[in-house]
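Hello,

The structure we spoke about is below. My notes on it follow.

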Amino acid sequence: MTDALVLIDIQNDFCPGGALAVPEGDRVVAVANRLAPMFGTVILSQDWHPADHRSFVTAHPGKAAFESVTMDYGPQVLWPPHCVAGTRGAAFVDGLDLGPAHVIVRKGTNRDTDSYSAFQENDKRTSTGLAGLLRERGIERIFLAGLATDFCVCYSALDARALGFEVCLVEDGCRAIDLDGSLDLARAKMAAAGVKIVTSP
Ligand code: VGL
Ligand code: ZN
């Protein structure tokens with residue numbers, strides 16, 4: 001009862017054929033569907049951007065996708081436009097069973113700030129409210145799966161640790177973008193923060 005499953009961004013645009021496709025991204029769906037009924041609390045996060053979001057390469061003429069720029073809040077990778085609110089790309093993958101989900105947390109809704117973490121925006125100040133929700137439900141430990149291991153899953157894991165939750169990363173329920181060694185870096189940061197790596201039963 002003190003465990004929650006938090007499924008990160010299992011959306012069309014992060015799957016093969018999507019705008020920001022993660023290799024084998026669709027493979028996490030079966031794991032998520034198998035895990036969800038085992039938990040009393042299931043949260044889904046959904047990347048949900050306005051069409052003119054500042055993390056989109058299209059908002060930075062002369063820049064290329066996957067280049068980094070400096071925003072007010074620090075470095076920001078420029079992404080191909082993805083998960084635009086209300087579009088098919090932003091929808092959850094068809095095969096994902098939404099039945100067990102209690103709450104959907106949308107993130108990245110603010111034009112000027114990206115939000116990798118399901119807990120707070122990249123400014124490291126603006127909360128999504130997820131920590132309060134989990135605490136009010138008596139949650140002490142979260143299991144994380146979804147997309148992408150080295151961005152939204154990793155940032156969510158690190159924030160959860162900083163907020164005092166135990167964190168188990170379900171490795172076979174995640175897939176990575178792996179941009180310039182970002183997966184190794186994410187693994188090292190998560191290990192240093194005390195994130196446990198587990199596999200689904
Ligand atoms: C993500 C880049 C931009 C993710 C979301 O879900 O990992 N990555 N927006
Ligand atoms: Zn995004």
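**Helix H1 and the core**

This is a predicted model, in which local features need pLDDT of at least 70, side-chain atom pairs count only at pLDDT 80 or more, and totals for chains, interfaces and linings use all residues. Residues are numbered from 1 along each chain as its sequence is written, and chains are lettered from A and ligands numbered from 1 in the order in which they are written.

In H1, the buried residues are Val 28, Val 29, Val 31 and Ala 32 (buried: 20 or more other C-beta atoms, placed from the backbone, within 10 Å of the residue's own; helices, H or I, of at least four residues and strands, E, of at least two are DSSP runs numbered from the N terminus). They line one face of the helix, because they fall within an arc of 165° seen down its axis (taken from the directions from the helix axis to the C-beta atoms). Their cover includes S1, S6 and S7.

The largest nonpolar core (buried Ala, Val, Leu, Ile, Met, Phe, Trp, Tyr and Cys joined through C-beta atoms within 7 Å) has 50 residues; Val 6, Ile 142, Leu 144, Ala 145, Ala 148 and Ala 157 touch the most other members. Elements that each supply at least two residues include H1 (28-35), S6 (141-147) and H3 (149-162). H3 gives the most, eight residues.

Beyond four places in sequence, Ala 157 is in contact (C-beta atoms within 7 Å) with Leu 144, Val 167, Leu 169, Met 190 and Val 195.

Separately, S3 (68-71) and S4 (74-77) run antiparallel, joined by four bridges (pairing takes at least two DSSP bridges). They form a hairpin with two residues between them, and Ser 68 stands opposite Val 77.

Regards

Technical notes
Buried ≥ 20, exposed ≤ 12 C-beta atoms within 10 Å, placed from the backbone. Contact = placed C-beta atoms within 7 Å.
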